[in-house]
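Subject: Structure for your review

Dear colleague,

Here is the structure I promised to pass on to you, together with its sequence. Please look it over before reading my notes underneath.

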Amino acid sequence: MRVLSVASECFPLVKTGGLADVVGALPAALRAEGVAVRTLLPGYPGVLAKVPGATPVHEFDDLFGGHARVLAAQAAGLDLLLLEAPHLFDRPGGPYNDQWGRDWPDNPQRFAALCWTAAEIGRGALADWRPDAVHAHDWQAGLAPAYLHYGAQPRPGTVFTVHNLAFQGWAPASLLSGLRLPPRAFDIDGVEFFGGIGALKAGLRLSDRLTTVSPTYAREIATPAEGQGLDGLLRSRAGVLSGILNGIDEEDWNPAHDPHLAAVFDATRPEGREANRAALRDRIGLAARPDGLVVGVVTRLTGQKGMDLLLQALPALLSHGMDLALLGAGEPALEQGFLAASAAHPGRVAVRIGYDEALAHLIQGGCDALLVPSRFEPCGLTQLCALRYGALPVVARVGGLADTVIDANEAALAAGVATGLQFAPATAPALETALARLAALWADQASWKRSQANAMHAPVGWARSVKRYVALYKDVSAMSRTNGVP
Ligand SMILES: Nc1ncnc2c1ncn2[C@@H]1O[C@H](COP(=O)(O)OP(=O)(O)O[C@H]2O[C@H](CO)[C@@H](O)[C@H](O)[C@H]2O)[C@@H](O)[C@H]1O
């Protein structure tokens with residue numbers, strides 16, 4: 001089985017969030033099941049610099065306004081195809097925006113070019129490799145199934161995964177022919193979305209199978225409250241939509257040999273966490289308080305992640321004698337809010353603005369509880385890392401957070417199965433109540449230690465999910481061989 005995975009980011013080459021982690025980790029898990037994945041990414045300068053010696057395997061004279069090549073390379077255990085298109089990708093800034101955070105105005109063309117390339121490869125553009133299935137991730141890859149649907153048949157099967165329904169890749173209708181979409185595509189059963197072109201909508205409407213990254217999120221997005229205008233479409237496609245939980249890379253995230261920790265540990269030797277807590281306090285600027293509980297946060301600072309709720313609940317957190325260690329970057333108002341809180345509570349609230357992989361590991365290994373108060377969360381990866389590292393996750397009961405953390409309620413404690421705390425709704429008062437419950441659990445060290453041990457044994461890898469992807473690939477590749485179109 002050969003699969004072309006198409007995405008705008010992939011760890012460790014380029015990452016702005018959890019999409020990269022999943023796109024980067026899934027191929028290795030699939031390899032063990034006999035699936036050969038090639039990952040098609042934009043050739044951003046930072047990516048090309050990390051893979052010297054890539055070989056050209058395909059060329060376009062004119063790909064949305066300029067010459068382009070597909071380069072093949074192996075790096076970080078991944079079999080890569082990189083779209084080198086200098087007119088679209090050779091520029092400073094991030095994958096989606098310039099140095100000042102403004103979206104690139106030609107993002108529709110940039111990611112359409114990625115999708116067009118995926119469709120060409122899907123139809124056999126490479127001399128020696130043709131995929132049985134194309135797996136497209138998020139809106140940036142959403143037009144790949146559309147180009148395959150409207151183009152020459154036969155075609156490979158298509159799977160589309162939504163990592164976040166909030167990012168929709170909308171473009172004005174005037175771009176239709178410029179994006180090489182046929183007039184008939186501008187239809188409610190095609191790419192049309194609120195009078196324009198919806199790349200996410202296209203992926204959801206025109207792929208053979210749809211997945212999202214947890215069963216609860218799959219149900220939530222089929223409701224008007226959480227469907228972001230796409231719930232009707234998702235309900236109509238309920239028969240082909242499934243929720244498959246993400247995993248984490250259990251090698252990268254292994255407290256038994258994590259080079260970023262001050263002391264390694266595992267479920268049989270959790271004492272190593274003490275040294276990590278002390279190292280974390282020292283590194284991030286919390287006062288040395290051997291008995292104080294440290295609450296950790298590693299996140300993008302956005303409304304999705306409920307970080308404004310944490311700012312509101314901060315007095316309650318401090319009143320329970322807890323300290324906060326936060327690593328994040330994102331919306332300027334939230335960054336400033338946390339920096340102000342840190343200045344107001346030196347030694348109790350420590351804030352690092354920025355992206356820091358090493359510190360993220362130390363927070364997971366050194367904090368006692370990891371807070372994830374998201375308003376919505378398709379899956380969430382940081383709570384999975386926290387479970388593995390024995391930091392009890394305190395999570396809003398939404399999406400994948402609901403599916404991966406067992407709340408320490410009376411029944412779960414009595415049964416000895418709790419792994420963290422859940423709260424609902426995602427509001428500041430409910431978060432304050434959760435923090436009070438956290439303080440009570442901390443005071444009951446026997447229950448705490450039991451829950452921590454459960455957390456460290458909880459399944460967080462890809463084993464439970466990878467077989468479901470394999471089954472989907474088999475379904476869609478059989479479909480493409482027999483009738484060509486869905
Ligand atoms: N400042 C920082 N420094 C270092 N590391 C940082 C960091 N901020 C975030 N990270 C890391 O980035 C990743 C974030 O992944 P998440 O799944 O938690 O959220 P995200 O919303 O980006 O992903 C979306 O896609 C993923 C993948 O499907 C879904 O799990 C999720 O619900 C969905 O919103 C984690 O690996 C985390 O450690």
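Below I set out what was found, going through two annotated regions, their sheets, a lysine and the cysteines.

Please keep in mind throughout that this is a predicted model.

The first region comes from the UniProt record, an unreviewed entry, which lists residues 2-235 as "domain: Starch synthase catalytic". Over those residues the chain is 29% helix and 24% strand, and the C-alpha atoms at the two ends are 30 Å apart.

As for the sheets, one is an open sheet of nine strands with mixed pairing, and its order is β3-β4-β5-β2-β1-β6-β7-β11-β12. The edges are taken by β3 (55-60) and β12 (241-243), and because each has a single partner strand, one side of each is left without a neighbour in the sheet. From one strand to the next, the twist averages 25°. Within this sheet, β6 (residues 133-137) and β7 (residues 157-162) run parallel to one another and are paired over five bridges, and if you would like a residue pair to find on screen, His137 has Thr161 in β7 as its bridge partner. Lying across β1 (2-6), β2 (36-42), β3, β4 (68-75), β5 (78-84) and β6 is helix α4 (residues 107-122), which runs at about 150° to β2.

The second region also comes from UniProt, again from an unreviewed entry, where the annotation "domain: Glycosyl transferase family" covers residues 288-448. This span is 47% helix and 20% strand, with its end C-alpha atoms 22 Å apart.

Another open sheet is made of six strands, in the order β15-β14-β13-β16-β17-β18, and here the pairing is parallel. Its edge strands are β15 (349-353) and β18 (421-423), each of which has a single partner strand, so that one side of each is left without a neighbour in the sheet. The twist in this sheet averages 20° from one strand to the next. The parallel pair formed by β13 and β16 (residues 369-372) is joined over two bridges, with Gly296 standing opposite Leu370 in β16. Helix α13 (residues 382-389) packs on the sheet and touches β13, β16 and β17 (392-396), while its direction makes about 170° with that of β16.

One residue that I would point out is Lys305, which is placed in the loop between β13 (294-301) and α10 (307-319). Is this lysine buried or exposed? With a relative accessible area of 13%, Lys305 counts as buried, because the cut-off for that term is under 20%. Its side chain makes a polar contact, at 2.8 Å, with the side chain of Glu377. Apart from neighbours within four places in sequence, the residues in contact with Lys305 are Thr299, Arg300, Pro373, Ser374 and Glu377.

Finally, the cysteines: how many disulfides does the structure hold? The number is zero. For Cys115, the closest cysteine sulfur is that of Cys10, and because the two sulfurs are 16 Å apart, they are too far from each other for a bond. Cys115 is also buried, at 1% relative accessibility. For Cys385, the closest cysteine sulfur belongs to Cys379, and at 10 Å this pair, too, is too far apart for a bond. Cys385 is likewise buried, its relative accessible area being 5%.

With best wishes

Notes: Residues are numbered from 1 along each chain as its sequence is written. This is a predicted model: local features need pLDDT of at least 70, side-chain atom pairs count only at pLDDT 80 or more; totals for chains, interfaces and linings use all residues. Side-chain values use heavy atoms; hydrogens and water are left out. Helices (H or I, at least four residues) and strands (E, at least two) are DSSP runs, numbered from the N terminus. Buried means under 20% relative accessible area, exposed over 50%, partly exposed in between (1.4 Å probe, protein chains only). A polar contact is a pair of N or O atoms within 3.5 Å; within protein, one must be able to donate a hydrogen and the other to accept it, and residues adjacent in sequence count only if both atoms are side-chain atoms. Contact means heavy atoms within 4.5 Å. Two strands pair if DSSP finds at least two bridges between them. Axes are lines fitted to C-alpha atoms, for helices over the stretch in contact, and angles run from 0 to 180 degrees between N-to-C directions. A disulfide is a pair of cysteine sulfur atoms within 2.5 Å. UniProt positions are given in the numbering used here, feature names are shortened, and annotations may be inferred rather than shown by experiment.
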